[in-house]
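Q: I would like to learn how to read the features of a two-chain model. Where do we begin?

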2 protein chains.
Amino acid sequence: MAPGAPFSFQLEARDGAARAGLLETPHGRVHTPAFMPVGTHGAVKAMAPAEVAATGAEMILANTYHLALRPGEKVVEKLGGLHAFTRWRGPILTDSGGFQVFSLPHKEISDHGVRFKNEVTGDAMELTPERSIEIQNALGADVIMAFDECTPYPADERLAAAGVRRTLAWMERCLAAHRRSDQALFGIVQGSVYEALRGECARALVALDLPGYAIGGVSVGEGHELLCRVTGFTAPLLPEAKPRYLMGVGLPEDLLAAIGLGIDLFDCVIPTRFARSASVFTARGRIRLTHRRYRRDGYPIDVSCDCAACAGGFSRAYLHHLFAANEILSAMLCSIHNVRFYQRLVGGARQAIQAARYESFRSEFLAGYAAASAPE
Amino acid sequence: MAPGAPFSFQLEARDGAARAGLLETPHGRVHTPAFMPVGTHGAVKAMAPAEVAATGAEMILANTYHLALRPGEKVVEKLGGLHAFTRWRGPILTDSGGFQVFSLPHKEISDHGVRFKNEVTGDAMELTPERSIEIQNALGADVIMAFDECTPYPADERLAAAGVRRTLAWMERCLAAHRRSDQALFGIVQGSVYEALRGECARALVALDLPGYAIGGVSVGEGHELLCRVTGFTAPLLPEAKPRYLMGVGLPEDLLAAIGLGIDLFDCVIPTRFARSASVFTARGRIRLTHRRYRRDGYPIDVSCDCAACAGGFSRAYLHHLFAANEILSAMLCSIHNVRFYQRLVGGARQAIQAARYESFRSEFLAGYAAASAPE
């Protein structure tokens with residue numbers, strides 16, 4: 001930990017299992033529950049860093065796998081690390097690259113690590129716990145993630161158990177490889193949908209007294225109900241005093257459920273990816289701006305929204321037109337809107353937790369959100 | 001002319017043939033010489049209106065042909081006109097659509113107008129002087145352009161003479177069709193590279209006492225030298241007290257030459273189009289950020305530039321990476337930079353004219369610009 005730049009987490013309020021907290025990092029504070037927009041290649045798609053910050057987002061995620069392939073972590077390190085390279089001044093979290101390499105069609109998994117083909121150069125490559133931490137140390141994010149085995153869904157209990165054993169063995173190797181005290185290394189709980197395995201993994205990781213814990217192996221096709229079940233029995237096993245991160249989640253309804261179960265941190269590509277395909281979130285549900293019903297609609301995306309797109313007076317009709325004309329500005333404005341929507345969602349949740357009315361907040365939001373009559 | 005929203009042009013300074021002036025329109029002032037970024041579909045590509053304004057651009061151009069096809073001028077009119085639709089608060093100029101329809105592969109030209117196939121719907125369409133003005137009246141730009149015959153290059157004198165005759169006949173029909181006193185209708189001088197024809201066309205248009213004059217039929221492949229020759233013998237034929245607009249021009253060296261010949265207004269897709277292919281302007285010439293020499297280059301595009309990309313500290317290496325990763329942010333940042341470069345260019349020219357040192361300004365700029373050793 002750099003002097004004067006501590007990593008800490010304080011719980012500020014609880015409402016049932018839901019928590020409001022404050023994460024401090026060398027690059028600033030994060031008020032939780034928090035949603036991290038995803039900057040896969042070190043840029044949140046179609047948004048400048050100042051625009052991301054203007055949505056209220058305090059922390060972003062970048063992908064170790066993609067950055068290691070291009071431009072390479074040595075280039076980023078030479079140019080001063082991810083913060084200097086991307087000009088995002090706030091906290092950054094890097095994933096371990098595990099999720100990406102386990103998703104590749106051709107890979108060889110062993111206890112040593114994962115061998116795969118570099119999709120940029122075609123070379124054979126290997127990602128191991130040591131290599132993942134080496135890359136993440138070079139990138140210099142505030143929070144880095146352990147290299148874990150991301151068990152696919154569905155997986156039988158034997159496969160999931162093997163994943164937990166490997167994840168725990170790799171956790172030890174990540175800790176041994178980690179060289180920077182100014183970066184917090186979070187552990188990841190695996191174990192698929194099996195309560196006993198999740199418990200085994202969580203207890204072993206908690207014994208290591210890590211600065212934070214993630215629930216991984218979710219958002220892999222298991223659906224809302226199973227996501228909630230797994231989160232529901234895993235979150236209580238994690239220490240109260242440490243931040244809890246639910247990886248790759250999700251839709252607004254997923255976030256609200258998980259916040260209710262005690263999750264503090266989220267990341268997901270949904271707000272930016274959906275924005276680029278004209279799918280935008282409103283208080284009354286999600287709408288698709290390419291639908292012809294918006295061709296002459298003079299209203300902003302959401303009259304209740306204060307984002308630069310809505311407050312700036314850009315109409316649904318104009319956005320419909322920009323999508324039809326394949327104009328980049330369509331992705332820019334809708335990304336700003338969707339990311340702001342997510343920030344207002346977690347910000348509203350935080351306020352409600354502090355006011356001890358989280359469940360009313362959640363049910364009121366969902367009632368309005370489900371009222372949407374607009375076609376997708 | 002709407003009350004309190006006059007259209008006027010004042011000459012403020014002259015230096016040789018070069019002029020500094022002030023154009024007043026119902027949506028604000030334009031300090032000349034001025035460069036208008038192009039918003040083909042009602043959006044300057046990869047830039048939000050506030051970003052365009054932040055470059056110092058005071059006026060933009062939108063394309064009648066493209067907007068008539070999509071979303072249709074009636075949609076724009078219903079939503080309050082181009083200014084309300086696009087959220088660009090400053091002056092707007094629309095072209096007549098002539099340049100686009102004359103560039104179509106399949107079209108039938110007659111004295112009545114131009115018949116062509118709607119590329120969006122496949123329907124047969126016709127653009128005539130009356131129809132062009134009807135569309136432009138509905139769109140509601142501050143300056144609208146006469147529907148002219150844009151003579152291709154090269155053209156023999158007979159063909160160019162026919163173009164001038166048709167352009168003059170159509171000018172009368174445009175004036176008769178024009179319905180809005182709050183829009184200034186500019187005439188366009190045609191005549192290809194023939195001095196006698198340009199003179200004939202200019203004299204006939206000047207007799208109509210129009211609020212402004214454009215030189216058209218340039219930037220069609222004739223090259224820098226012929227562009228200067230045509231501008232050089234045409235500009236002096238236009239009234240001193242009216243703004244002069246050189247359509248579709250051009251590269252920095254073209255602008256500086258034309259300003260020296262007495263041109264006040266320019267538009268061109270070059271800054272934004274080049275930006276999207278990684279070609280950016282610097283005081284020392286144009287460079288291409290996708291070149292491998294920039295892979296580890298920690299400097300901004302141009303250390304002497306104050307744009308949001310350069311002053312924001314985004315390095316050439318980061319931009320190189322964004323282009324390699326196909327990130328939209330590459331186009332966003334480089335468009336901001338290139339448009340700002342053009343604004344600094346015309347702003348510098350304006351200051352130099354006011355200080356009666358335009359030719360030194362121009363030769364100093366070109367000396368630095370030509371010093372570029374960077375590969376394109």
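A: With how a crossing angle is defined: axes are lines fitted to C-alpha atoms, for helices over the stretch in contact, and angles run from 0 to 180 degrees between N-to-C directions. Keep in mind that this is a predicted model.

Q: At what angle do the axes of helix H7 and helix H8 of chain A cross?

A: The axes of H7(A), residues 157-177, and H8(A), residues 195-206, cross at roughly 5° and come within 10 Å. Angles under 35 degrees count as roughly parallel, so H7(A) is roughly parallel to H8(A).

Q: Which residues make the contact between these two helices?

A: From H7(A) they are Ala160(A), Ala161(A), Val164(A), Thr167(A), Leu168(A) and Met171(A). H8(A) contributes Leu197(A), Glu200(A), Cys201(A), Ala204(A) and Leu205(A). Sorted by class, the contact of H7(A) with H8(A) has 9 nonpolar residues, 1 polar and 1 charged.

Q: Turning to strands, how do strand S2 and strand S3 of chain A pair?

A: Two strands count as paired if DSSP finds at least two bridges between them. Strand S2 (residues 18-25) and strand S3 (residues 28-32) of chain A have 5 bridges and pair in the antiparallel sense. Within this pair, Leu22(A) stands opposite His31(A) of S3(A). The two strands form a hairpin, with 2 residues between S2(A) and S3(A).

Q: How do I read a sheet, and what is the strand order in the one that holds S7 of chain A?

A: Read the order across the sheet, then look for the strands that pair on one side only. In chain A, the order is S7-S8-S9, an open sheet of 3 strands with antiparallel pairing. Its edge strands are S7 (107-109) and S9 (124-127) of chain A, each of which pairs on one side only. On average, neighbouring strands of this sheet are turned by 20° against each other, direction ignored.

Q: How many bridges join S7(A) to S8(A)?

A: There are 3, between S7(A) and strand S8 (residues 114-117) of chain A, and the two strands run antiparallel. As one example of the register, Lys107(A) stands opposite Phe116(A) in S8(A).

Q: Which strands stand at the edges of the S1-S2-S3 sheet in chain B?

A: This is an open sheet of 3 strands in chain B, in the order S1-S2-S3 and with antiparallel pairing. Strand S1 (8-15) and strand S3 (28-32) of chain B have a single partner strand each, so one side of each is left without a neighbour in the sheet. From one strand to the next the twist averages 10°.

Q: Where can the register be read in that sheet?

A: Take the bridges on either side of S2(B). S1(B) is joined to S2(B) by 7 bridges, running antiparallel, and the bridge partner of Leu11(B) in S2(B) is Gly21(B). Strand S2 (residues 18-25) of chain B also pairs with S3(B) in the antiparallel sense, over 5 bridges; there the partner of Leu23(B) is Val30(B). S1(B) and S2(B) form a hairpin with 2 residues between them, and Gly16(B) in the turn has a positive phi of about 65°.

Q: Is Gly248(B) buried or exposed?

A: The test is a count of neighbours: a residue is buried if 20 or more other C-beta atoms lie within 10 Å of its own. Gly248(B) has 22 such neighbours, so this residue counts as buried. Gly248(B) lies in the loop between strand S13 (244-246) and helix H10 (252-260) of chain B.

Q: Which residues does Gly248(B) touch?

A: Leaving out residues up to four places away in sequence, Gly248(B) touches Val218(B), Ser219(B), Asp267(B) and Cys268(B). The C-alpha atoms of Gly248(B) and Ile215(B) are 9.6 Å apart in space, and the two residues are 33 residues apart in sequence.

Q: What turn lays chain A on chain B?

A: A turn of 180°, with a shift of 0.0 Å along the axis, lays chain A on chain B with an RMSD of 0.0 Å. The two copies are thus related as by a two-fold rotation axis. In chain A, the C-alpha nearest that axis belongs to Ile328(A), at 3.8 Å from it.

Q: How many residues does the contact between the chains take from each?

A: It takes 31 residues from chain A and 31 residues from chain B. On the side of chain A that touches chain B, the elements giving two or more residues are helix H3 (73-78), helix H4 (82-86), helix H13 (316-324) and helix H14 (328-354) of chain A. H13(A) gives the most, with 5 residues. By class, this side of chain A has 17 nonpolar, 7 polar and 7 charged residues.

Q: Why can one say that the copies meet through the same surface?

A: Because 100% of the interface residues of chain A are also interface residues in chain B.

Technical notes:
Residues numbered from 1 in each chain as written. Chains lettered and ligands numbered in written order. Predicted model: local features only at pLDDT ≥ 70, side-chain atom pairs only at ≥ 80, totals over all residues. Helix = DSSP H or I, 4+ residues; strand = E, 2+ residues; numbered from the N terminus. Buried ≥ 20, exposed ≤ 12 C-beta atoms within 10 Å, placed from the backbone. Contact = placed C-beta atoms within 7 Å. Parallel < 35°, antiparallel > 145°, perpendicular 65-115°, else oblique. Nonpolar A, V, L, I, M, F, W, Y, C, P; charged D, E, K, R; others polar. Least-squares fit on C-alpha atoms with pLDDT ≥ 70 in both.
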